[in-house]
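User: Hi! I'm new to reading protein models, and I'd like a close look at one part of this one. Could you walk me through it step by step?

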Amino acid sequence: MEDIFSRLLTLASYITRRVIEFFEDLVLRDVSRWLEESEINSCGEHLTSPTCNDDKFSSMEDASSSRCCNSGTTFGFHEQGASDVEDQSFLNSRLEIVNRNYCRGVRFIFKGVVSRVLRTLHGSSDDIGWLQCAPEMAPVEDGSARFLELLQEIRNGLHKLPDSFVYLLIPGLFSNHGPLYFVSTKRFFSKTGLACHIAKIHSEASVEHNAWELKQYIEELYWGSGKRVMLLGHSKGGVDAAAALSIYSQELRDKVAGLALVQSPYGGTPIASDILREGQVADKETRRIMEFLICKLIKGDIRALEDLTYAKRKEFIRNHKIPDNIPLISFHSEASVAPGVIATMSHIAHAELPWLPPFFSEEAEDAVLAARKVPVIFPVSAAMALSALHLQLRYGEKSDGLVTCRDAEVPGSVVVKPDKKLDHSWMVYSSWKKDPTEPDACEMCEALLTMLVELGEKRLKLA
């Protein structure tokens, strides 16, 4: 059933792209023809008659002639005729200017409207996967098989993460409104005796601002422990971490042991670009709405979203390069768009109740954490599935709902593609009924960091 649905989806995506291309070509052809005819007609009118309405000026001429014939004397006739000719010549010249400016204004407005419509229809078609097309970008290596091996070992009770590093987890956009973001993973690592921290940054700040914050955070951890720091960033957190390594490469060169970017829009995301793209239909209105939501409601910075557009990512990556000596892992996944997932309510988000009294007993820690969770009945997986379906139908691209697979691959990194469907919020939501046969976010993060340690060891051996 899923195979049939996948084939139908691929066919629908192809038809959608062809229809959009057809309308683009149709509009461009008609606009070009209309502008050419308009230019010809405009020139012809200027040559034959300086007016826009011949009947109107014919009646004016008839009226003028009548006035001339009714004049009482020959002198009066000549005097009145000369005055009318001068008035009519002045009037005609003024109307000619008005007509010319009017035609130019109509053509300019029409071209502007058509340009906005075409820009909106085209969207991010030319931008998705631009990193893979850039000749100066380093190739990637597939590490999915090794990742699955490590994940299976971890599920069998074999844990290899050394305590010679400090592990820093960097949450993504809007993480300030999800207080349990990465909490389970941090506790999972701490139970095994590892030094693990969650970066307390303002996730709705700009990439450059968070890069500075992370630079301070990394240096504090390094000087406080004497150990190098392993970074794992999810979504925008991976972009912020990569920016810190790029901008402050000299300061962090010997302090960071590796970076794993999990579903990070390193090359950009069509969601942000399609929302904030300039020159499209209702671009200013859309930007004002997003500024109200991000800046006013959640007290963030619009640049947090703008920095994830293709235009901003292209500019940033061309100006800042991640140091070659740092091991990199790019993790990306594909969300399921099956009808059953879209209709499900099994995956939900969680909020925390900060007003509950804290308990200090270590034995009651799990119970306290569960008590402080309140399910937010929001179909996260269904929303991600619909978004992934939209991107697949419009662009023919596989994605986790927010980031396409191609845009999540960092040049020069080892790419991990899991063998299961995971949407963009798999680290954030929880399930009503956890499947013990399936790996959770904690185990997958441990597998990624274990693989990152192995990459660092291989580089040392080769050096």
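How are helix 5 and helix 17 oriented to each other?

Analyst: Happy to help! Keep in mind that this is a predicted model. Let's begin with the two helices you asked about. Helix 5 covers residues 144-155 and helix 17 covers residues 441-462. Where they pack, their axes are 9 Å apart and the angle is about 125°. An angle counts as roughly perpendicular from 65 to 115 degrees and as roughly antiparallel over 145. The angle of about 125° falls in neither class, so helix 5 and helix 17 are oblique to each other. The crossing of helix 5 past helix 17 is right-handed.

Now look at the charged side chains. Arg146, Glu149 and Glu454 are joined in a network of salt bridges. By residue number, Arg146 and Glu149 fall within helix 5, and Glu454 falls within helix 17.

That network leads us to the salt bridges elsewhere in the model, where the count comes to 17. A good one to find is in helix 11, which spans residues 283-297. There, arginine 288 and glutamate 285 meet through their side chains, with 3.9 Å from N to O. The cut-off for a salt bridge is within 4 Å, so this pair qualifies. Arginine 288 and glutamate 285 are 3 residues apart in helix 11, which means that about one helical turn separates them. Arginine 288 is exposed, at 51% relative accessible area, while glutamate 285 is partly exposed, at 40%.

Helix 11 also holds isoleucine 289. Together with Phe292, Leu293 and Leu297, Ile289 makes a nonpolar surface patch of about 390 Å². Exposed means over 50% relative accessible area, so isoleucine 289, at 51%, counts as exposed.

Two other salt bridges are worth finding. In one of them, glutamate 334 pairs with lysine 421, and their closest N and O atoms are 3.2 Å apart. Glutamate 334 sits in the loop between strand 6 (328-331) and helix 14 (339-343), and lysine 421 in the loop between strand 9 (414-416) and strand 10 (430-431), so this pair ties together parts that are 87 residues apart in sequence. Both partners count as partly exposed: glutamate 334 has 21% relative accessibility, and lysine 421 has a relative accessible area of 49%.

In the other, arginine 303 is bonded to aspartate 301, with 2.8 Å between the closest N and O atoms. Arginine 303 is partly exposed, at 43% relative accessible area.

Terms used: Residues numbered from 1 in each chain as written. Predicted model: local features only at pLDDT ≥ 70, side-chain atom pairs only at ≥ 80, totals over all residues. Heavy atoms only, no water. Patch = residues over 30% accessible without salt bridge, like charges linked within 9 Å, V, L, I, M, F, W, Y side chains within 5 Å. Areas by Shrake-Rupley, 256 points an atom, 1.4 Å probe, with all protein chains shown as cover. Helix = DSSP H or I, 4+ residues; strand = E, 2+ residues; numbered from the N terminus. Buried < 20%, exposed > 50% of the residue type's maximum accessible area, 1.4 Å probe, protein only. Axes fitted to C-alpha atoms, helices over the stretch in contact; angles between N-to-C directions. Parallel < 35°, antiparallel > 145°, perpendicular 65-115°, else oblique. Left-handed = near helix turned anticlockwise from the far one by under 90°.
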